[in-house]
Amino acid sequence: MTDVRADLLQQIKDKAVVHGKVTLSSGIEADWYIDLRRITLDGQAAPLVGQVMLDTAAEAGVDYDCVGGLTLGADPVATSMLHASATRGQRLDAFVVRKQGKAHGMQRRIEGTDVKGRRCLVVEDVSTTGGSPLTAVDAVREAGGDVVAVAVIVDRGAASAVEAAGLRYINAYTLGELGLA
């Protein structure tokens, strides 16, 4: 895992850290931004995301059989993990949590695999306040899923909010590792 982990870290530093004033989804204003979609949607980096996130969850001892979170940040993370799991000869299903339920069709809030009665790992690319993953947690629980943990590629400060909600929180990288703390 060390080489893959180091390679992904370098790609995040090179491609995803953007300096300049930005307003985060939480409404907080910051002097830098971590645009992990430049990583999770990159043909070279995305496969590394899946491997690193699978390894991070395994090292933390998290037991789950499906993975997903709030669209859009979680979607490519879950998909990368699904594909990385398949290359390891394992099965991992994925789901997508809509911000709101559909008003037509099956009117589902969660698309993909059925989470009812399953051990679910909620993922996100980067989280500052925990708002997006906690919204996903609520939807998964409402659908009958058992949320076993929240996992992010980069923790930007959400650990205390997620842990205050009674959930285990794991991350692949810290701001210190990115040279931002």
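Is R5 buried, partly exposed or exposed in this predicted model? The legends below begin with that residue and then turn to other parts of the chain.

**Figure 1. Close-up of R5 in helix 1.** With a relative accessible area of 21%, R5 is partly exposed, because the buried class is limited to values under 20%. Leaving aside neighbours within four places in sequence, R5 is in contact with V52, A172, Y173 and E177. R5 and V52 are 47 residues apart along the chain, yet 5.9 Å separates their C-alpha atoms.

**Figure 2. The chain as a whole, with its helices and strands.** The secondary structure consists of six helices and eight strands. Read from the N terminus, the order of these elements is α-β-β-α-α-β-α-β-β-β-α-β-α-β. The C-alpha atoms fill a box of roughly 40 × 40 × 30 Å along the principal axes. For 181 residues, a compact globule would have a radius of gyration near 16 Å, and the 15 Å of the chain agrees with this. Of the contacts between residues at least 6 apart in sequence, 66% join residues at least 24 apart. Buried residues account for 48% of the 181 residues. The accessible surface is about 8,500 Å², and carbon and sulfur atoms contribute 47% of that area.

**Figure 3. The largest nonpolar core, a set of 39 residues.** In soluble globular proteins, nonpolar side chains tend to be buried together. The members of this core that touch the most other members are I12, I34, M81, L121 and V154. Two or more residues are given to the core by each of helix 1 (2–15), strand 2 (29–34), helix 3 (46–59), helix 4 (75–87), strand 6 (119–127), strand 7 (146–155) and strand 8 (169–173). Helix 3 supplies the largest share, six residues. A second core, separate from this one, has 20 residues, including C66, V115, V140 and V162.

**Figure 4. Close-up of I12 and its contacts.** Not counting residues up to four places away in sequence, I12 touches V17, L36, I39, I153, V154, Y173 and L178. One of these contacts, V154, is listed together with I12 among the residues that touch the most other members of the largest core.

**Figure 5. Close-up of L92, in the loop between helix 4 and strand 4 (93–97).** L92 has a relative accessible area of 8% and is therefore buried. Beyond its neighbours within four places in sequence, L92 is in contact with L54, Y64, D65, C66, V67, M81, L82 and S85. The C-alpha atoms of L92 and L24 are separated by 31 Å, and these two residues lie 68 apart along the chain.

**Figure 6. Close-up of T113, in the loop between strand 5 (110–112) and strand 6.** T113 counts as buried because its relative accessibility is 15%. Its contacts, not counting residues up to four places away in sequence, are C66, D93, A94, F95, R108 and R118.

**Figure 7. The cis peptide bond that joins T71 and L72.** Most peptide bonds are trans. At the bond between T71 and L72, omega is about 25°. L72 is located in the loop between strand 3 (66–70) and helix 4.

**Figure 8. The charged end of R156 over the ring of W32.** The charged end of R156 is 3.7 Å from the centre of the W32 ring. What is the count of aromatic pairs, for which ring centres must lie within 6.5 Å? The count comes to zero aromatic pairs.

Note on methods: Residues are numbered from 1 along each chain as its sequence is written. This is a predicted model: local features need pLDDT of at least 70, side-chain atom pairs count only at pLDDT 80 or more; totals for chains, interfaces and linings use all residues. Side-chain values use heavy atoms; hydrogens and water are left out. Rings of Phe, Tyr and Trp (its six-membered ring) pair if their centres lie within 6.5 Å; planes under 30 degrees apart count as stacked, over 60 as edge-to-face and the rest as tilted. A charge sits over a ring if NZ of Lys or CZ of Arg is within 6 Å of the ring centre and within 35 degrees of the ring normal. A nonpolar core is a set of buried Ala, Val, Leu, Ile, Met, Phe, Trp, Tyr and Cys residues joined through side-chain atoms within 4.5 Å. Buried means under 20% relative accessible area, exposed over 50%, partly exposed in between (1.4 Å probe, protein chains only). Helices (H or I, at least four residues) and strands (E, at least two) are DSSP runs, numbered from the N terminus. Contact means heavy atoms within 4.5 Å. The radius of gyration is taken over C-alpha atoms; the globule rule is 2.2 Å times the number of residues to the power 0.38. Accessible areas come from the Shrake-Rupley method with a 1.4 Å probe; for residues, only the protein chains shown count as cover.
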